[in-house]
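Q: Please take a close look at the sheet in this model: how are its strands ordered, and what packs on them or lies around the ligand?

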Amino acid sequence: MAQSGTITITPVTSLTQGEDKSANLVGNVHSTLAGGAVDGPGLRFVLFMSGCQMRCLYCHNPDTWDRMGGTPRTVDDVMEEIGKYADFLKKAGGVTVTGGEPLLQAEFVHEVMRRCKEEYGLHTALDTNGLRAFSLPDDWFDVVDLVLLDIKHIDPAKHARLTSTTNRPVLEFAQRLARMSKPTWVRYVLVPGYTDDVNDVEKLAEFVSELKNVERVEVLPFHQMGAYKWKQLRLRYELADKQSPTDEVLGRVKKQFEKKGLTVV
Ligand code: SF4
C-alpha cells in the first residue's frame, strides 16, 4: 500500500546530450485500457497508475493502492502503446490518466500527458483525488485539458471516516482549479449511509456551484463490483453488506445538484 506519497522516478539508462529525458522516466503502471467509456469524454485510452494514499471504504480498485505495485514502464513504452490508437483516439476521445492516484507519480504522468498532446494532439484528462495537487505548480496542469476531480465528502470528519484522510487539500484544489479556469468534472460516489445525507449533499452542491469551471457533476452510485478484490487482498471490507443507492435517493441527490444550476449525469 502506498503510504508516503513519495514521488519516485528512476532513470534506467544514462542519457546522451540532446536525448529526450522523458524516455527514461519509469512509472509503476497498474494497467491500461483501450476504449474506456466512463473516464472522460468519448472513448479513451485509460492509464491506471499504481499507488493511492486514500483508503476509501468503497474503493473498487484496492489492487491499485500499492505505489510499488504494477509494472515498471518507461514513458517511451507507454507512448508506444498509446501511439497504436492515436488516430482513433484523436477522433473518438483521448487519454485519461487515473489510478490509484496518478499525482503520486507526477513527473511520469506529466511526461505522458505532455507527449500525448505534443506528438499526437490528443485530449488529456486527469482523474485525481486531489490530495497531492498542492505540491505542484499551476503550470504543471498546462498539459491537462480536463480534470476529473473526485470529491469524497464535504464534511471533514465524515471524509476522514470514509477515506482516512483530510478533505481540506481536496477542496482547496477544487477552488484553485476554478481560479485557473481549468475545465473540471466533479465526481461524487453515492454510498447509502455515508454520502447521501441531505444536508451534506446540499453543502457540497453549494460549494461546487461556486466553482465556475465545473462543467458537470457525475453522481456515481456505489456498487459491489470491486468486493472480490478486497477478499483477494485479504483486506477487511466494511461495506460488504452495503446496497447500492435506490433510484429514489439517486434522483434526489442529482436534483440537489441540479437545483444549484449544475449539469448532472
Ligand atoms: S481515491 Fe480512488 S483509488 Fe484511492 S482509495 Fe479512493 S477510490 Fe480507491
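A: The model is predicted, with a mean pLDDT of 92 for the protein and 92% of its residues at 70 or more. Residues 1–19 need more care, since pLDDT stays under 50 there, although the model has 29 contacts beyond four places in sequence for this stretch.

The sheet itself is open and has eight strands, which follow the order β3-β1-β2-β4-β5-β6-β7-β8 with mixed pairing. Because β3 (71–74) and β8 (214–221) each have a single partner strand, they stand at the edges, and one side of each is left without a neighbour in the sheet. On average, and with direction ignored, neighbouring strands of this sheet are turned by 30° against each other.

Within the sheet, β6 (residues 146–150) pairs with β7 (residues 184–190) in the parallel sense, over four bridges, and Leu148 is found opposite Trp185 in β7. Helix α2 (residues 106–120) packs on the sheet, where it touches β1, β2, β4 and β5 (124–128), and its direction makes about 175° with that of β4. Helix α1 (residues 75–92) lies across β1 (26–36), β2 (43–49), β3 and β4 (93–98), and runs at about 155° to β2.

As for the ligand, the residues around it are Cys52, Met54, Arg55, Cys56, Cys59, Asn61, Thr64, Gly99, Gly100, Glu101, Asn129 and Asp150. Sorted by class, this shell has four nonpolar, five polar and three charged residues.

Definitions and conventions. Residues numbered from 1 in each chain as written. Predicted model: local features only at pLDDT ≥ 70, side-chain atom pairs only at ≥ 80, totals over all residues. Pairing = 2+ DSSP bridges. Helix = DSSP H or I, 4+ residues; strand = E, 2+ residues; numbered from the N terminus. Axes fitted to C-alpha atoms, helices over the stretch in contact; angles between N-to-C directions. Contact = placed C-beta atoms within 7 Å. Near = placed C-beta within 6 Å. Nonpolar A, V, L, I, M, F, W, Y, C, P; charged D, E, K, R; others polar. pLDDT = per-residue confidence, 0-100.
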